[in-house]
Amino acid sequence: MGPPFHDDDAAYFVGINRNKRSVGLDLSKEQGREVLLKLLEDADVLIENFKPGSMEAWGIGYEQLKERFPRLIYCKISGFGNDGPLGGFPGYDGIVGAMAGHYSVNGSQDTGPMRLGLPVVDLSMGLYCVIGILLSIHDRNSSGEGQAIEVTLYDSALSLMHPHFPNYFLSGKVPQLTGNQHSNLVPYGMFPTKTVPVMLGAGNNRAFRKVCEVLGRPELAEDERFATNGARLENRDALNEIIMAKLAEVDGVAFALELLQSGLPCGPVLDTGQVAESEHTRARGMVYEDDWYKGMGTPVRLSRTPGGYKSTPPKFSAHAREVLAEHGFDDAAIEKLAEAGVLVEKRRT
């Protein structure tokens, strides 16, 4: 999935694989499955995202493993799950996002439905896997037993459709494209300024009054057309026209900072480079650098056991011999696995 590349590793891979070790095994071979079983002897969690039914066909599905490894937490990832009309079909972030309604609420009447610029389905699925694993570990602390976890791209994508499903369930109306505006709150959206666009959000009447004051139009908060959020929704175009006329006179960055200092959410629309190099990003320690490697930091901070950067993303199967040696395989056994094609040390294309 490149360019860009570092050697033969795409940025897509580099961006999500630091702090890992890589072992390539051919699980279609019985010897490969035997090696995996050896690795599972001291493992807490197994995560797999093969086509549904693959692990079971190889004899290493959860039901086939749980008697031998009763404490094992088995996390199974797929596009659509095993059941239902789409069960077993392949899933990709962009395709599943379309099928889950994401694009139907992203874009404007001018653009039509638009793909999201972030792999939110993939990322949310990964986070749900972590949540399920942590819940299972917590349960295992008292029960002593592992369990199976199923997370699908489709289910994850559906869970992200907030507030569009709640709006639909209550009103019966299919949500429409709103462009850079919020479907439930006004004013809440992107507005042009003299310099850069800003995202401005007034989540309640008090915040709206403050926005009006900063804009130099305090009387708008008393206008019956805009006095409540319901009224503002009905008169969104009229209010936005007034706001845009005022914002056309101001510097977007300075205006956003003024609102932030007043306790109101507002921010300039920045590009990737501006964000990566910003003072606040750096102050938060959110960029790691080591030789050729540069990557984003972890957003979760633990006071006693903080996470962080330990090693660059691994080359394919770079740690195979090291890991197998740690699990009791001697040099001769490892070499035999390599000669048999069970230990895969070069990426197959």
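Leaving out residues up to four places away in sequence, Thr281 is in contact with Val275, Ala276, Met286, Val287 and Met296. Thr281 belongs to helix α14, which covers residues 279–283. Its relative accessible area is 12%, so Thr281 is buried. The model is a predicted one, and the values below are computed from it.

**The β9–β10 hairpin**

Two of the contacts of Thr281, Val287 and Met296, lead to a pair of strands. Strand β9 (residues 287–290) and strand β10 (residues 293–296) run antiparallel; the first is given with its bridges, the second with its side chains. Four bridges join β9 to β10. Glu289 stands opposite Lys294 in β10. Between the strands of this hairpin there are two residues, and Asp291 takes a positive phi near 55°. The side chains of β10 alternate along the strand: Tyr293 and Gly295 point to one face and are buried. Lys294 and Met296 point to the other face and are not buried.

**Two further buried residues**

Ser156 lies in helix α7, residues 153–159. Its relative accessibility is 3%, so Ser156 counts as buried. Beyond residues up to four places away in sequence, Ser156 touches Val121, Ser124, Met125, Tyr128 and Val151.

Val344 is placed in the segment after α16 (331–339). With 9% relative accessibility, Val344 also counts as buried. Residues up to four places away aside, Val344 touches Gly24, Leu25, Asp26, Phe316 and Ser317. Val344 and Leu25 are 319 residues apart along the chain, yet their C-alpha atoms are separated by 5.4 Å.

The table lists the three residues treated so far by relative accessibility.

| Residue | Relative accessibility |
|---|---|
| Thr281 | 12% |
| Ser156 | 3% |
| Val344 | 9% |

**The parallel sheet**

Three strands form an open sheet in the order β3-β4-β5, with parallel pairing. Its edge strands are β3 (45–48) and β5 (148–152), each of which pairs on one side only. Direction ignored, neighbouring strands of this sheet are turned by 15° against each other on average. Four bridges link β3 to strand β4 (residues 73–78) in the parallel sense. Within this pairing, Val45 stands opposite Ile73 in β4. Helix α6 packs on the sheet and touches β3, β4 and β5. The direction of α6 makes about 160° with that of β4.

**The antiparallel sheet**

A second description concerns another open sheet of three strands, with the order β6-β7-β8 and antiparallel pairing. The edge strands are β6 (188–191) and β8 (266–268), and each pairs on one side only. From one strand to the next, the twist averages 15°. Strand β7 (residues 198–201) pairs with β8 in the antiparallel sense over three bridges. Met199 has Gly267 in β8 as its bridge partner. Helix α12 (residues 252–261) packs on this sheet, where it touches β7 and β8. The direction of α12 makes about 155° with that of β8.

**Cavity and pocket**

Rolling a probe the size of a water molecule over the atoms shows where empty space is left.

The structure holds one cavity of 30 Å³ or more. The volume of the largest cavity is about 40 Å³. Its lining consists of Asp93, Gly97, His102, Tyr103, Leu116, Leu118, Val120 and Val121. Helices α5 (93–99) and α6 (120–143) each supply at least two residues of this lining. By class, the lining has five nonpolar, two polar and one charged residues. Val121, one of the lining residues, is also among the contacts of Ser156. Helix α6, which contributes to the lining, is the helix that packs on the sheet of β3, β4 and β5.

The second largest pocket has a volume of about 750 Å³. Its lining comprises 23 residues, of which Val105, Asn106, Gly179, Asn180 and Gln181 lie nearest the centre of the pocket. By class, this lining has nine nonpolar, 14 polar and no charged residues.

Methods: Residues are numbered from 1 along each chain as its sequence is written. This is a predicted model: local features need pLDDT of at least 70, side-chain atom pairs count only at pLDDT 80 or more; totals for chains, interfaces and linings use all residues. Side-chain values use heavy atoms; hydrogens and water are left out. Two strands pair if DSSP finds at least two bridges between them. Axes are lines fitted to C-alpha atoms, for helices over the stretch in contact, and angles run from 0 to 180 degrees between N-to-C directions. Contact means heavy atoms within 4.5 Å. On a 1 Å grid over the protein atoms alone, a cavity is a set of points where a 1.4 Å probe fits but cannot get out, and a pocket is an open set with protein on both sides within 12 Å along at least five of seven lines; lining residues have an atom within 4 Å of a point. Grid points are joined across faces, edges and corners, and a volume is the space filled by probe spheres set on the points. Ala, Val, Leu, Ile, Met, Phe, Trp, Tyr, Cys and Pro count as nonpolar, Asp, Glu, Lys and Arg as charged, and the others, Gly among them, as polar. Buried means under 20% relative accessible area, exposed over 50%, partly exposed in between (1.4 Å probe, protein chains only).
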